[in-house]
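Biologist: I am new to this structure and would like a close look at one part of it. Please take the charged side chains that pair up, and then show me what lies around them.

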Amino acid sequence: MALTVGMAGLSENAHAQVSRATVRGLVSAPSGVAIGGLAVTATNVATGARYRTITREDGRYALVGLAPGQYDVSVAGADGKPIKTERITLAVGESAALDLAPAASATPSGEGADAAAVQLNRVTVEGASARQGVKDSQLGTSVSQRMIEALPQSTRNFLSAADLAPGVAFSSDASGLSRVQSGAQDFDHLNVFIDGVGQKNNILRGGVSGQSDTRGNPFPQSAIAEYKVLTQNYKAEFDQVSSAAITAVTKSGTNEFHGEVYGDRTGTNWRSLNSLEKERESQGVSRPASEKYEYGGSVGGPIVQDRLHFFVAYDAKRIEDSRQIAGQNFEKLPNAGIVPELLARRGNQVDPFHEDLFFGKLDAQLNEEQKLTLSARLRRETDRIAEDRNLSLPGNDKQRRNDETRVDLTHEWSRGDWLSEARLGYEDYEWNPQSTSMSPLVRYKVSTAEPQVLTNAQDVILDGGSPDAQRRQQRGAYLSEELTFTGFDGHVIKGGVKLKDMRYDLSGTANRVDAVEVLIDNVTGLPYWDGSNCLGTTVASDGTSSDQCRIRRATDGSGASFKNKQWGLYLQDDWSVTRKLELNLGLRWDYEDNMLNNQYATPADRVAALFAADGTRYGLTPPAGQTYAQSLAKGGIDVSQYISDGRSRKAFKNAFAPRVGFSYDVRGDRETVVFGGYGRSYDRTMANHALDELQKNQATGGEIWLIRNDLKMPYADQFSIGLRQALGKSWNGEIALSRVEAKNQFVWFSGNRDANGGFAQQSALDPLWGGPNGFGQLVLGDSVGRTRTDSVFAKLDKPYTASSGWTATIAYTYSDAKTTNLQWSNDTFDWTYGRAGRGWNPSTLVDRHRVVGAFMTDKLLPWGMTFSAKATYASGFPRRMTNCLGGTPQCFLVEGDSPSFRQVDISLGKAFKFGVHQLGIRLDVLNVFGADNYAGFDDWIGNTPAAGQPANRLGGDNLNLDKPNTARGDNRALRVVMNYKF
């Protein structure tokens, strides 16, 4: 093992085995005598690519690093001619067993008989379509190209079938924003590996680069061959991930020319109104006409037969997305003051979006031992997006670009027991939202309580400009090498090291214009704001805040540019201890030398303010000479740990991640397999936090934002135990128990404390606003967030076979998901961290029960028609409801229930064939039963009603309690898809 690691150069993301397959087996005589010294060759049926090895003295062999696909596996005799050839189909990341034994009639006579005379005729394929990947400690689900292409979907996002894996949820909201999530960790902590290359977003949210607040798709679906979703216990090859790891393989050109052209359409005239849209229409706000088109194609084939192949793909997406702007809570306001003007300005708007995705690939077989692959990807997006889809008046939006370029070059070399895969690549991702108006952003709010204050107010509508004028870019190059060694009996040992040199350019400002939260008086209809200063009962001396108004002043743009080297080392041993027992033993270590701008120095004015004498605040006077820092210390905050002089921050060096798994084939027939394991996986913290700190600290007398010097990397500990069982000849079953404990999640929280280190009379749900004298609030960033998810995963599937012509799968997940974040959503803000009495809270990101089923057939219907369906049921997210019946200082949280999510999508298609040409047409009906599914509700229970006033079901004065305000997907919609293939 040490030799393997020592010879491994630089490895990025364990490329060879993250997306590749392995075939292992035994060549033996009927008597059980092993046959060594025979050449075993696997030849890719489509491309002619070859992989070779020699059987050891004990007859065992291993072929590693095979791209998924169909292979002819042959064994050659002493004269080099094939004795026997068998065909096997390998899936992404699969470990298959292919044992071959001679026919009795061909058994060589006498000791030392010529092995070339042996006729091999018995094949056992572990991981074939009937029992795919059964001996595996990982919890994973494969999604084939057939399922990707056949299942109905609202957009060509190949990840929309990821929720066929228990424990994973794919969601798309009414605006087209989509995400993949697993457990109580938010979507930042997943990673997608394309051909072994991690697509991690280093600077922004979304987990995957390009997936931060976008209506676009992450990769051209036309270029995806298949993928696998690993929910946990992945091996040591995987890095920068602590929830779901998705590994996909792209298509390659073959020895035959093949191509496809497609186009699909949907629009508002093909989509039913949901209940929210109907309500807005009843208020006189109609839904404008809009359309969505997706089109593109792909082509691939040989340049030199068996030697050089090409493949190119292009996907385009054009959306004219309509939205109704009606606002909310107007019924709580009089028709006076500013209210008539706001009502008159309500209306509708169409927000355009354009995306172009390109992918190209060249595969070359240089000789019997070497292969070379060059691939490139371009993504270009332009978007106009509202600040809030439901509340933003026309003009309260921004233009946004979302561009990405990636190039990867891979060299494979194999000889004997060794496989080397060297890779180098380059990536450049840029995110660039820009506001088009310089008017202040105004968030109008209403309060029905007395006194009317912001702490118990609700949104009405948004006006003015967007505050965004930002540019975020990550770019860099990587160099990698991975070595796999199969020379030890029963072991496949893989080791690698990586070096990735990243540069982050973060500039602009998220506060280009003043942003105002302002109450509208519920009697006069007038705002507590005169256009430049707050009005109200407790106006601050600078005119920027009161109980009824809060102004965040515009800040100038600024920039933070810094480099970050990412290193990683791993070693993985997949050890077949016996024919029944396999152990997967791995260890990885990761290191980043500058994850969050370690050279940053806290401005001197902020340091001076924190260590200056504290004054009377919230009615409390500190002892003479007590500094603000000493007041914080009484509350358990050592602010010196957050102040940096440019050398204080140290890179985290202890990211050691052991990963141990096992699988045991109870009877040795692949019918009953027990599996399980434990693994620790480290992720990373997005670099944008460093810009938040820098920008907030630039404004004179502004807020103070500080990141802890000894910040740790986030990680998750994953535990599982499960059973895979063959059910008859066609069905496979699986059940597993899982626990995932995630720690060191980054959160921002309020650092303000009163003179006694407490929270004065502030509600337990609200932070203490106001920092040291002359400055705004103190906000601290630290790795203190935690989540915990206990789950039961169950899966039942019937793989597709040509004889049956159909496939089906059903996945069930039970989750008990918790978070320490008082927002319950595991957001990057947990404002009240540090208050006594906090503990575990329900996670609003996870349904307790979730069932996803899929079915596809291309033979059971008449006239050669195809049919597919996907059905999803989820019990509903927990709701975080605020109860202030005892008055604002006594507010507390109540868990509420959401209605269940129910959606059934169906697809019916027909292909017309003319020789090698095929013309297809398909109709998708999404949400066929027209279920209204909601993502958000009015969760303000309210205060005690005034005498004689009505109350809601929980006794509060908010009569809109439980009213839905956002949709969790569209109502019934039609989508037509046409394609031509050759």
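Modeller: Start with Arg-271. This residue is buried, with a relative accessible area of 13%. Keep in mind that the model is a predicted one. Arg-271 forms a salt bridge with Glu-277, and their closest N and O atoms are 3.3 Å apart. Glu-277 is buried too, because its relative accessible area is 7% and the cut-off for buried is under 20%. Both ends of this bridge are therefore buried.

Now take Lys-398 and Glu-387. Their side chains meet in a salt bridge, at 3.6 Å from N to O. The pair links distant parts of the chain, with the two residues eleven apart. Lys-398 sits in strand S21, residues 397–415. Glu-387 sits in the loop between strand S20 (370–386) and S21. Lys-398 counts as buried, at 10% relative accessibility. Glu-387 is partly exposed, with a relative accessible area of 28%.

A third bridge joins the side chains of Asp-645 and Arg-647, at 3.6 Å from N to O. Asp-645 is partly exposed, with a relative accessible area of 43%. Arg-647 is exposed, at 60%.

Why can such pairs form? Side chains of opposite charge can pair when their charged atoms come close. A search of the whole structure finds 80 salt bridges. Some join into networks. One network links Asp-163, Asp-847, Arg-850, Lys-870 and Arg-968.

Next, the rings. The structure holds 26 aromatic pairs. In one of them, the rings of Trp-589 and Phe-656 have their centres 6.2 Å apart. Their planes stand at 35 degrees, so the pair is tilted. This pair also links distant parts of the chain, 67 residues apart. Trp-589 lies in strand S31, residues 581–592, and Phe-656 in strand S32, residues 655–665. Trp-589 is partly exposed, at 24% relative accessible area. Phe-656 counts as partly exposed as well, at 44%.

Trp-769 and Trp-831 form another tilted pair, 5.8 Å centre to centre, with 55 degrees between the planes. Here the partners are 62 residues apart, and each lies in a loop. Trp-769 is in the loop between strand S36 (731–750) and strand S37 (778–798). Trp-831 is in the loop between strand S38 (806–819) and strand S39 (841–842). Trp-769 is partly exposed, at 29% relative accessibility. Both tryptophans belong to one aromatic cluster with Trp-705, Phe-746, Trp-748 and Phe-829.

Further along the chain is an open sheet. Its three strands run in the order S43-S42-S47, with mixed pairing. Strand S43 (892–896) and strand S47 (940–942) stand at the edges. Each has a single partner strand, so one side of each is left without a neighbour in the sheet. The twist averages 30 degrees from one strand to the next. Strand S42, residues 879–883, pairs with S43 in the antiparallel sense over five bridges. Thr-882 has Leu-893 in S43 as its bridge partner.

Last, the surface. A nonpolar patch of about 850 Å² includes Phe-257, Val-261, Phe-912, Phe-914 and Tyr-980 among its residues. Strands S44 (901–914), S45 (917–926) and S49 (973–981) each give two or more residues to the patch. Phe-914 lies in strand S44. Phe-914 is exposed, with a relative accessible area of 55%.

How values were computed. Residues are numbered from 1 along each chain as its sequence is written. This is a predicted model: local features need pLDDT of at least 70, side-chain atom pairs count only at pLDDT 80 or more; totals for chains, interfaces and linings use all residues. Side-chain values use heavy atoms; hydrogens and water are left out. Patches are made of residues with over 30% relative accessible area and no salt bridge: like charges are joined within 9 Å, nonpolar side chains (Val, Leu, Ile, Met, Phe, Trp, Tyr) within 5 Å. Accessible areas come from the Shrake-Rupley method with a 1.4 Å probe; for residues, only the protein chains shown count as cover. A salt bridge is a side-chain nitrogen of Lys or Arg within 4 Å of a carboxyl oxygen of Asp or Glu. Helices (H or I, at least four residues) and strands (E, at least two) are DSSP runs, numbered from the N terminus. Buried means under 20% relative accessible area, exposed over 50%, partly exposed in between (1.4 Å probe, protein chains only). Two strands pair if DSSP finds at least two bridges between them. Axes are lines fitted to C-alpha atoms, for helices over the stretch in contact, and angles run from 0 to 180 degrees between N-to-C directions. Rings of Phe, Tyr and Trp (its six-membered ring) pair if their centres lie within 6.5 Å; planes under 30 degrees apart count as stacked, over 60 as edge-to-face and the rest as tilted.
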